[in-house]
Amino acid sequence: MNWRDATKPDVSRARREAIWGAVETSLTAAPPPPRRWRWLLLTSGLLTGVATAAVVKRSWWVPRPLAGDIAEVQSPVPARRGPRVPELVEVPTLDTATGAPALPESVAVERSGVASSAVASSTPVDDLFVRASEFRRQGHPELAARLFAGFLRDHRGDPRAGLAAFQLGLLYADELGSNTAALKHFKAAWKLSPEAVWREELAARFVLTYDRLGRVESCRRTRERYTRDYPNGVHTERLGTLCHLSSP
Amino acid sequence: MVFTQRAVNYPEPKSSSGASSKNEDDDAAAVEQAKQGSRLAKQALYVRHVELALGLAHRLLGGGGDVDDVVQDAFIKAFARLQQLRDPARFRAWFSSIVVNVARRYLRRQRLRSRLGIGDVMSDAIDSVASDSAPPSVQAELRDVYRRLHRMPTDIRIAFTLRYVERLQLEEIASLTATSLSTVKRRIQYAERKLRFESGQEDAP
């Protein structure tokens with residue numbers, strides 16, 4: 001058997017019809033709004049919690065982890081739904097009370113499972129950490145990171161901005177696999193919250209992150225600072241094993 | 001390793017049969033009507049070419065969830081640019097090049113996402129590249145090949161896949177990828193040498 005014959009994809013009727021449904025929808029949909037506006041719509045949907053944006057004419061990219069929560073909707077009937085979008089979904093027209101711009105016919109908004117549980121149509125700032133934690137628990141660290149990043153951008157003066165930065169750093173370090181981004185947010189948290197109760201944890205995180213980045217000098221320097229500031233710190237023992245030169 | 005033994009004995013590319021003249025006539029008629037805005041004609045073109053697109057996208061991407069998106073994007077792009085198609089009888093070849101282009105965009109995006117650490121889609125897809133009906137040894141071999149291709153530059157990967165998995169002639173690959181014949185040859189040679197090198201049969205390319 002040659003490689004071509006061994007790589008026959010599924011060409012089932014259901015699959016073909018699903019794709020055609022999406023293609024046809026795009027053929028019949030009204031012209032899409034300008035790209036930047038559409039992107040803002042998606043961003044605002046994710047950040048402010050208006051809803052999960054669902055767009056009939058799909059021509060943009062959303063991270064794969066979010067795809068399961070997004071349904072393409074030809075109001076009021078979902079044309080194609082992500083695997084995590086529940087069967088029975090409410091497909092309201094956009095609530096003008098949210099202050100969002102009126103949507104053209106080609107765009108509808110769906111309150112998916114994630115949206116209804118974690119993103120209410122009105123999203124008071126106080127709920128942010130709860131919602132972000134919920135996203136994180138549901139396996140959406142990107143979405144949680146977006147919430148925190150949006151909060152940081154829009155509420156830099158808020159007393160919880162430092163905590164948001166810290167949480168963002170933790171997300172990047174532990175879930176999104178970017179120690180460089182984590183370090184950046186840890187630094188912001190350090191600057192924003194000089195008196196925070198979690199500062200010891202943050203100080204330890206600096207050491208850990210520098211160690212992961214292979215920056216031995218910075219690692220040692222931050223570890224010295226940690227042991228000086230927290231002589232009986234809970235992380236002292238663990239940090240003692242870090243900051244070694246990696247083998248060539 | 002199974003791959004090592006068979007990789008140097010690539011299956012012979014199939015001969016270029018091309019679309020029959022009847023199919024070309026049908027395509028030409030459908031394209032003309034689709035240009036006038038006929039949705040039925042567009043649907044006919046879709047029905048006629050969706051399997052081609054699915055197969056091509058599946059083999060270029062190595063399976064995975066992006067295949068449907070590539071096919072969908074390719075059709076949307078093709079219908080949007082239908083007016084630019086000068087020879088309606090050549091719809092199949094023209095559309096194939098769109099699929100390859102869209103797939104290239106997705107492959108590059110996958111690489112970027114992989115590098116940024118926001119999901120190694122390619123690795124996830126590799127397991128689904130071979131059909132279940134294929135013998136286990138061939139399935140393993142394909143997974144191995146795609147795993148190695150995964151580490152190669154996108155254009156090299158595409159050229160190799162079109163040649164040895166899709167089994168196209170060099171001229172067809174040059175046409176689909178809008179590159180010269182010599183570029184296609186160079187890319188395929190690079191991929192071959194790289195694969196042989198990784199199999200320990202040759203020096204680094």
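This passage looks at the nonpolar cores of a predicted model and at one helix of chain A. Local features need pLDDT of at least 70 and side-chain atom pairs pLDDT 80 or more, while totals for chains, interfaces and linings use all residues; side-chain values use heavy atoms, without hydrogens and water. Residues are numbered from 1 along each chain as its sequence is written, with chains lettered from A and ligands numbered from 1 in the order in which they are written.

Chain A is a good place to begin. Its secondary structure comes to eleven helices and four strands, taken as DSSP runs numbered from the N terminus (helices: H or I, at least four residues; strands: E, at least two). Of its 248 residues, 48% count as buried, that is, under 20% relative accessible area with a 1.4 Å probe, protein chains only.

The largest nonpolar core (buried Ala, Val, Leu, Ile, Met, Phe, Trp, Tyr and Cys residues joined through side-chain atoms within 4.5 Å) holds 64 residues, and Val71(B), Phe75(B) and Phe95(B) have the most contacts inside it. Helix H3 of chain B, residues 39-61, supplies the largest share of this core, with eleven residues. Beyond its neighbours within four places in sequence, Val71(B) is in contact (heavy atoms within 4.5 Å) with Ile19(A), Val50(B), Ala53(B), Leu54(B) and Ala57(B). A second, separate core has 38 residues, among them Leu147(A) and Phe148(A).

Helix H6 of chain A spans residues 141-154. Ten of the 14 residues of H6(A) are buried, so this helix is largely enclosed by the rest of the structure. Among the buried residues are Leu147(A), Phe148(A) and Phe151(A), along with Glu142(A).

Key: Buried means under 20% relative accessible area, exposed over 50%, partly exposed in between (1.4 Å probe, protein chains only). The expected span of a helix is 1.5 Å times one less than its number of residues.
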